[in-house]
Every structure is written in structure tokens, then in C-alpha cells.
Amino acid sequence: MDLSNLKPAEGSVKTRKRVGRGAGSGLGGTSTRGHKGAKSRSGYKRKIGFEGGQMPMQRRLPKFGFKNFNKVVFKAVNLSTLQALADASKLEKIGVEELIAAGFATAKNPVKILAKGELTAKLEVSANAFSAAAKEAIEKAGGSVIIL
């Protein structure tokens with residue numbers, strides 16, 4: 001065996017279909033394209049989404065929805081959470097960093113303090129936003145509010 005008599009394995013290589021080379025080839029005439037119509041012509045390109053004249057999917061379904069990319073989503077933290085954190089760690093100043101460290105907030109979202117629960121500890125709370133009731137409850141307990 002040498003380079004002059006190397007051949008691919010039997011049946012592994014198929015010959016290319018040569019269409020449009022006369023009637024004797026069996027693939028002349030319409031060249032496997034059927035009869036007439038846009039699909040038989042050269043240069044035909046199907047429109048994306050075309051369904052043969054039937055109303056296409058993107059026109060059958062209604063348009064809906066809107067996503068406001070300027071929306072600010074706050075992470076809500078309640079007064080009961082602040083009280084639990086103050087009891088557990090004996091902190092007098094609670095800010096966003098302390099809430100992130102304790103796992104009540106993430107660095108991704110701003111923090112808003114809400115008024116659910118009781119607050120008895122005198123705390124200096126700093127956050128991005130406060131509800132009016134939460135602000136009042138913190139100041140009533142003797143604490144102070146710092147808006148970042």
C-alpha cells in the first residue's frame with residue numbers, strides 16, 4: 001500500500017447531485033424544484049415569519065407589557081428586624097452596611113425602613129428611605145434618622 005492506491009472506505013463518500021444538466025441525467029427540466037412559483041426561481045428568499053399568507057404569529061398575538069428601566073426597587077426592612085438586630089448585636093448605630101452584614105439587605109438594592117413591628121431600642125438608623133410611620137416610631141423611641 002502506498003499513496004497512489006489509497007481510497008476512502010466503501011460507501012463513505014457520496015457523489016454530488018448535479019441538477020439542471022439535461023434530461024438524460026434525470027435531474028434536468030425543473031432541477032428538483034417542482035413547477036413554477038417563487039420557490040422555483042433563482043434569488044427566492046422566504047420572508048422571516050411568512051406563513052403562506054396565513055396571518056403570521058407575531059400579528060395574531062396582542063402586544064402588551066412595559067418594563068420601566070428607571071424603576072427603583074427598594075429592599076424593605078421592618079422595625080421588628082431592626083429591634084432583633086439591636087438585641088442580638090447590641091448596636092446603637094444601624095446603617096446599610098450592618099444590614100448587609102446581617103443578611104437583611106444586599107448591596108444591589110437601596111434600603112427602605114418600614115414601620116411593621118415594635119421598636120424600643122434607641123437607635124441611630126441610616127438608610128436610603130423611610131416610611132413616615134417608621135421615621136416617627138424611631139424618633140418616638142429616642143433614636144434618630146439619617147437619610148442617605
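Here's a quick briefing on the strands, one helix and a surface patch in this structure. Keep in mind that the model is predicted. Strand 3 pairs with strand 1 and also with strand 5, while strands 2, 4 and 6 make up an open sheet.

**Around strand 3**
- Strand 3 covers residues 111-114, and its side chains alternate between two faces.
- Val-111 and Ile-113 share one face and are buried, whereas Lys-112 and Leu-114 look the other way and are not buried.
- Strand 1 (residues 75-78) runs parallel to strand 3, with 4 bridges between them.
- Leu-114 in strand 3 is the bridge partner of Asn-78.
- Strand 5 (residues 129-130) is parallel to strand 3 too, joined to it by 2 bridges.
- Here Lys-112 has Ala-129 of strand 5 as its bridge partner.

**The open sheet**
- The 3 strands sit in the order 2-4-6, with parallel pairing.
- Strand 2 (93-94) and strand 6 (144-147) are the edges, each pairing on one side only.
- Strand 2 meets strand 4 (residues 124-127) through 2 bridges in the parallel sense, and Lys-93 is matched there with Glu-124 of strand 4.
- Helix 4 (residues 132-140) lies across strand 4 and strand 6, at about 140° to strand 6.

**The surface patch**
- Met-1, Leu-3 and Leu-6 come together as a nonpolar patch on the surface, with about 450 Å² of accessible area together.
- Leu-3 belongs to the segment before helix 1 (57-60).
- Leu-3 counts as exposed because its relative accessibility is 77%, and the cut-off for exposed is over 50%.

Technical notes:
Residues are numbered from 1 along each chain as its sequence is written. This is a predicted model: local features need pLDDT of at least 70, side-chain atom pairs count only at pLDDT 80 or more; totals for chains, interfaces and linings use all residues. Side-chain values use heavy atoms; hydrogens and water are left out. Buried means under 20% relative accessible area, exposed over 50%, partly exposed in between (1.4 Å probe, protein chains only). Two strands pair if DSSP finds at least two bridges between them. Patches are made of residues with over 30% relative accessible area and no salt bridge: like charges are joined within 9 Å, nonpolar side chains (Val, Leu, Ile, Met, Phe, Trp, Tyr) within 5 Å. Accessible areas come from the Shrake-Rupley method with a 1.4 Å probe; for residues, only the protein chains shown count as cover. A salt bridge is a side-chain nitrogen of Lys or Arg within 4 Å of a carboxyl oxygen of Asp or Glu. Contact means heavy atoms within 4.5 Å. Axes are lines fitted to C-alpha atoms, for helices over the stretch in contact, and angles run from 0 to 180 degrees between N-to-C directions.
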